[in-house]
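This report describes the secondary-structure architecture of one protein model, followed by a single annotated site and the packing of selected helices.

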Amino acid sequence: MKLLLIEDNPSMLTTLQRSFERRGMLVQTCTDGERALARWQAALPDVVLLDLSLPGRDGLDVLAAARAEGLRTPVLVITARATVGDRILGLNTGADDYLTKPFDLDELEARVRALARRGAAAGSERDTEGFCGLRVDAESGAVYHQGRALELPPREHALLRAVLARPGQAVTKERLSELVFPDESSVQPDAIEVVAYRLRKRLAGTAARLVTLRGLGYLLKAES
């Protein structure tokens with residue numbers, strides 16, 4: 001199971017990461033609300049553990065943005081905000097479960113595993129419908145063309161997934177850079193152009209075409 005832990009408290013982060021790793025889970029972490037969405041999209045987790053009080057961007061804002069982007073990963077909110085109103089707001093924003101601090105680690109693990117099972121059961125029903133023979137497997141995140149998995153480097157894979165999620169709609173270079181280079185703050189502005197050039201060549205054998213829109217970004221369209 002892949003778990004994304006979004007938590008800015010160092011002690012809590014370390015405790016939870018070690019606890020889940022001892023239980024056989026693969027844990028990725030993020031401590032900054034500003035980078036949380038990009039990390040989420042790049043990590044392809046089975047479950048997201050989300051704190052609400054994050055630096056840079058509030059956890060509820062991250063959650064709302066993720067749901068708006070079409071990310072349907074089950075989310076368990078872990079927070080010190082304990083009022084009924086806070087819980088209702090979190091659930092209405094898109095959380096699947098809500099647990100207030102302090103909590104029991106065994107209960108937390110049980111809730112995480114329950115969400116993972118729920119997500120896996122739904123995953124088989126929510127693969128992307130496909131575009132020009134391309135589709136993304138919702139559970140593994142792999143991209144397929146005519147039923148065959150495409151072997152792509154990580155950056156080209158991230159770029160293809162981003163434009164395949166919105167075929168025919170422009171995605172800005174800035175947004176794509178966040179997804180393709182989630183942990184690289186010193187990336188040059190034109191770096192995404194290199195990745196796009198390589199992906200365009202790899203798509204040559206498909207009916208899909210990666211189009212550059214000057215001043216806007218890129219979009220995926222059907223080859224005419």
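In this predicted model, five strands form an open sheet in the order 2-1-3-4-5, and their pairing is parallel. The edges are occupied by strand 2 and strand 5 (97–100); each has a single partner strand, so one side of each is left without a neighbour in the sheet. Averaged over neighbouring strands and with direction ignored, the turn of one strand against the next in this sheet is 20°. Helix 2 (residues 33–43) packs on the sheet and touches strand 1, strand 2, strand 3 and strand 4 (75–79). The direction of helix 2 makes about 155° with that of strand 2.

Strand 1 (residues 2–6) is mostly covered, with four of its five residues buried. Its parallel pairing with strand 2 (residues 26–30) extends over five bridges. Among the bridge partners, Leu3 is matched with Val27 of strand 2, and Leu5 with Thr29 of strand 2.

A further open sheet has three strands in the order 6-7-8, with antiparallel pairing. Strand 6 (134–136) and strand 8 (148–149) stand at its edges, and each has a single partner strand, so one side of each lacks a neighbour in the sheet. Strand 6 pairs with strand 7 (residues 143–145) in the antiparallel sense over three bridges. Leu134 is placed opposite His145 of strand 7.

**The annotated site**

An unreviewed UniProt entry places the feature "modified residue: 4-aspartylphosphate" at Asp51. Asp51 is located in the loop between strand 3 (47–50) and helix 3 (59–68). Is Asp51 buried or exposed? The relative accessibility of Asp51 is 4%, and because buried means under 20%, Asp51 counts as buried. When neighbours within four places in sequence are left aside, Asp51 is in contact with Ile6, Glu7, Asp8, Gly59, Ile78, Thr79 and Lys101.

**Helix packing**

Two packed helices are described by the angle between their axes and the distance between the axes. The table gives these values for two pairs that involve helix 8 (residues 191–202).

| Helix pair | Angle between axes | Distance between axes |
|---|---|---|
| Helix 6 (residues 154–164) and helix 8 | about 80° | 9 Å |
| Helix 7 (residues 173–180) and helix 8 | about 80° | 10 Å |

What orientation does helix 6 have relative to helix 8? The packing angle of helix 6 and helix 8 is about 80°, which makes helix 6 roughly perpendicular to helix 8. Helix 6 contributes Arg155, Glu156, Leu159 and Leu160 to this contact, while helix 8 contributes Val195, Ala196, Arg198, Leu199 and Arg202. Sorted by class, the contact of helix 6 with helix 8 contains five nonpolar, no polar and four charged residues.

Helix 7 and helix 8 pack at an angle of about 80°, and they are therefore roughly perpendicular to each other. From helix 7, Lys173, Leu176, Ser177 and Val180 meet Ile192, Glu193 and Val195 of helix 8. The contact of helix 7 with helix 8 comprises four nonpolar, one polar and two charged residues. Val195 of helix 8 is thus listed in the contact with helix 6 and also in the contact with helix 7.

Methods:
Residues are numbered from 1 along each chain as its sequence is written. This is a predicted model: local features need pLDDT of at least 70, side-chain atom pairs count only at pLDDT 80 or more; totals for chains, interfaces and linings use all residues. Side-chain values use heavy atoms; hydrogens and water are left out. Axes are lines fitted to C-alpha atoms, for helices over the stretch in contact, and angles run from 0 to 180 degrees between N-to-C directions. Angles under 35 degrees count as roughly parallel, over 145 as roughly antiparallel, 65 to 115 as roughly perpendicular and the rest as oblique. Contact means heavy atoms within 4.5 Å. Ala, Val, Leu, Ile, Met, Phe, Trp, Tyr, Cys and Pro count as nonpolar, Asp, Glu, Lys and Arg as charged, and the others, Gly among them, as polar. UniProt positions are given in the numbering used here, feature names are shortened, and annotations may be inferred rather than shown by experiment. Buried means under 20% relative accessible area, exposed over 50%, partly exposed in between (1.4 Å probe, protein chains only). Two strands pair if DSSP finds at least two bridges between them.
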